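Colleague: I'm new to this structure. Could you take me on a close look at one part of it, and fill in the surroundings as you go?

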Amino acid sequence: MIRRCCVAAFVLLASGAVTQAQIPRDTTPVVAKTSPADIATGKALYEANCSKCHGLDGGGSDGPSLQGVAQRIGDEAVGNIIRGGIPGTGMNGFGSLTVDETGQVVGYLRSLGNTADMEIAKGDPTKGKAVYDSSGCAGCHIISGEGGGVGPELTRVGAMRGPSYLRTTLLTPGAILPKEGGVMERGRFTQFLFVHVVTKDGRSVDGTRVYEDSFTIELKDATGRFHSFRKLDLCELKKEPGKSVMPSFKDTLSATQLDDLVAYLAGLKGAQ
Amino acid sequence: MKAIRYAVILLALGTSLPAFGQVPYERIVKAESEPANWLTYGGNYYDQRFSGLKQLTPQNVAGLKLAWAYQPSRPAGNVETSPIVVYGIMYVTEPPSTVTALDAHTGAKLWTWSPILKNVVAIGLFQTNRGVAVMDDRVYVATIDAHLVALDAKSGAVIWNTVVADNKMGYAITGPPLAFNGKIMIGTGGSEAAVRGLLDCYDAKTGKRLWRIWTVPLQGEPGSETWGDSVPAGGTTWNAGAYDPKLNLVYWGTGNPAPDWNGDARPGSNLYTCSLLAIDPDTGKVKWYFQFSPHETHDWDASEPPILFDGNINGKPRKLLGFANRNGFYYVLDRETGDFVAGVPYAKQTWAKGLDAKGQPIVLPDTGPTPEGNLVFPSITGAINWTSNSYSPLTKLFYVDAREMGSYFVKGTSTKWEMGKFPMGAGGERALSGDDAYGAIRALDATTGKMKWEFRLHSPSWVGTLATAGGLVFSGTDEGNFFALDAESGKPLWDIYLGSSLRSNPVTYAVDGKQYVFVTAGTTYFVFGLP
């Protein structure tokens, strides 16, 4: 029986985290501060407050990529989100940051966006689409309604993940796994966790964890098939962070092909 | 129409029973002599959450089936209720402060009462209610806007409605009243709003306040020397208390000092926060207190319902009290004197080397909140939070739902606060991720705290435990499983997936000679029995 059919997708935003309180904020519009000293301070503030969810380089992790976000939606909008949060999501407000400090963080985000743009520019997105089509990616991933749903849906993957994250994932698919949006007290569990089980009657199944509770675990195998187990019926339950049902493209793609594929995926922003 | 329905129910219950819901104090004192009923929040005044019912056993519990389910029409928040069951009538609460009487055979709604709530202030707490008290022919409930209300058990009509404290200042109530011997006691929440903690006692007949204990002193009063120059705040009393009728003492825990995560402005032990108070209910005087976490900065309220039990220490019979604290330690105290008897960790804790001979923590250096965030176990929500433990006089085990989780405790830069407002900038936490946290039902030797067995849970739970004379322990998971374990061994015997987090203490009762088990999951109330 399938209790929760988890359509695998990169996590948009961790949902359900409860903030301690909505913090009233100074409504002065935030403007990016971009002097080298401001960017250095912004980097320190970013690493202390933001990197845990958005990645050290802003390329996304549990939360979405922030590379280029200020260029896309503007300093003030980014500043409002930093200071006010996004209610109903894992994005808490950081009202403890002053308007100037928020401007320094936005300045740093702008610099991260510029770095990412340079990395994307190394490849050709049109050629990257051809690599995507010829490498069998669509067998497991859906882009704009086309493809198979074994792995994460990629229609907006460029908004969620920066180029370096995408590159790492193509080379070592299990290297960086996001956390699901969990209930506050339950904590947030790793998504796409690779699990190996052996039942007491000798059946062995490898797959991605889609659901687990204290008594049962549900896996999705490499063909997209779901398997439900009672833990008491298993003689082995091995969680293997770092592994993935997705193959590595380290040896199957050339450096140029990889640059092209990253440029293609990084450009998938969905409907804005 | 209603009268006819009641008549039908009374007929169904048999004619030998007394009037609807009549529960004199003398009967509650001897709650164990009528295990079919669940007469107080914790089942009896000792708060043991132990039922003498034996129909469900390790041999037959796997046959449990759904008897009925009830869903409130408009649940506005987490359902965390623990019902009271009297003569086939179940009194539950619905979030935020509604009381509903259900037919315990069928789940049919008999009456419901809701307060009129406007502009409720609820800071640092969920708007919910954990249960009522029943005594004589009345049902007592406290509301999120800090009123205490007496309802007629037959109709839900209001008998009296008393304001306990000013909700606008941040006082709010989610916990159950304690009804005994003509008195109703109630505590409040609000530490995160920096209120001054209080514990009240009211006349059950009239709703007139008999006395009030302030849990923290005013500046200049005795005890204020434990607060430096700051204005004492916090020490709220937001969970259930227990009562020993023979000693005539009430036991009630207090919460954190305010503001919490930055204690720089309040050097000292901050009495009587994070303490257990033993109170003479006739005078309202504190007979003794025991502070578990002096100068607390991790939000580890000592608000868990205490469990009273009798045991042997070094061969001598003692009147004891077991307390699984949010700070990760299980304490055994002498409930006559407040003397420390034993104390050991029941969950991972990284803040204390241990407890000294008087039960005071030997605090390790660098375990407080820091501006960057300091990983300390247990988490901000504690090794247990508001849920109740249970004690079986048959196994002499204390069953706790332990939460194995840490937090990065963040110290804010501000020590300023204002009553009625969240202390901005005081700090908080980042929780450890779910993969690094888990829960466990643990059976502890009640007199020593030594673990006899554990049953691991996928994630830390918020359910509480129920022990029965049939040899079972019931509890649930945050993922949505309700289950029964063997009380002696911890072996899992039965489980069912209910589709949403369980957030209430299970209880058991019997009607027409048949034992049932109650729990809630999500916003649905479930009752299970053998077919």
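Modeller: Let's start with how far to trust chain A, since this is a predicted model. Its pLDDT averages 84, and 87% of the residues score at least 70. The stretch to be wary of is residues 1–24 of chain A, where pLDDT stays under 50. The model does have 68 contacts there beyond four places in sequence. Still, where pLDDT is low, the predicted coordinates should not be read in detail.

Staying in chain A for a moment, find Gly207(A), which sits in strand E4, residues 204–212. Gly207(A) is buried, because 22 other C-beta atoms lie within 10 Å and 20 or more is what it takes to be called that. Leaving out residues up to four places away in sequence, Gly207(A) touches Val195(A), Leu219(A), Lys220(A), Asp221(A), His227(A) and Val245(A). Take Leu219(A) from that list: it is twelve residues along the chain from Gly207(A), yet their C-alpha atoms are separated by 5.3 Å.

Now over to chain B, where I'd like to spend the rest of our time. Chain B has two helices and 38 strands. Its radius of gyration is 22 Å, close to the 24 Å that the globule rule gives for 531 residues, so chain B is as compact as a globular protein of that length. Measured out along the principal axes, its C-alpha trace spans about 65 × 50 × 45 Å. Of the 531 residues in chain B, 60% are buried. Among contacts with a separation of 6 or more in this chain, 60% come from residues 24 or more positions apart.

What about the nonpolar interior? In soluble globular proteins, nonpolar side chains tend to be buried together. Here the largest nonpolar core has 147 residues, and Tyr91(B) and Val134(B) have the most contacts inside it. Another core, of 37 residues, lies apart from it; Cys50(A), Val105(A), Ala116(A) and Tyr132(A) are among its members.

For the part to zoom in on, pick the loop between strand E16 (249–253) and strand E17 (275–280) of chain B, where you'll find Pro259(B). The peptide bond leading from Ala258(B) into Pro259(B) is cis, with omega near -10°. Further on, Tyr272(B) belongs to the loop between E16 and E17 too. Another cis peptide bond joins Leu271(B) to Tyr272(B), with omega about -10°. Asn270(B) also has its place in this loop. Asn270(B) isn't a glycine, but its phi is positive, near 60°. Asn270(B) counts as buried, because it has 29 C-beta neighbours inside 10 Å.

You can set that beside Asp136(B), in the loop between strand E7 (133–135) and strand E8 (138–142) of chain B. Asp136(B) is not a glycine either, and has a positive phi of about 55°. Asp136(B) is partly exposed, with 17 other C-beta atoms within 10 Å.

One last stop is an open sheet of three strands in chain B, running E25-E28-E29 with antiparallel pairing. Strand E25 (374–376) and strand E29 (427–431) are the edges, each pairing on one side only. On average, neighbouring strands of this sheet are turned by 35° against each other, direction ignored. Strand E28, residues 407–411, pairs with E29(B) over five bridges. To see that pairing at a single spot, look at Tyr408(B), which stands opposite Arg430(B) in E29(B).

Terms used. Residues are numbered from 1 along each chain as its sequence is written. Chains are lettered from A and ligands numbered from 1 in the order in which they are written. This is a predicted model: local features need pLDDT of at least 70, side-chain atom pairs count only at pLDDT 80 or more; totals for chains, interfaces and linings use all residues. Helices (H or I, at least four residues) and strands (E, at least two) are DSSP runs, numbered from the N terminus. The radius of gyration is taken over C-alpha atoms; the globule rule is 2.2 Å times the number of residues to the power 0.38. A residue is buried if 20 or more other C-beta atoms lie within 10 Å of its own, exposed if 12 or fewer, and partly exposed in between; C-beta atoms are placed from the backbone. Two residues are in contact if their C-beta atoms, placed from the backbone, lie within 7 Å. pLDDT is the predictor's confidence in each residue, from 0 to 100. A nonpolar core is a set of buried Ala, Val, Leu, Ile, Met, Phe, Trp, Tyr and Cys residues joined through C-beta atoms within 7 Å. Two strands pair if DSSP finds at least two bridges between them. Axes are lines fitted to C-alpha atoms, for helices over the stretch in contact, and angles run from 0 to 180 degrees between N-to-C directions.
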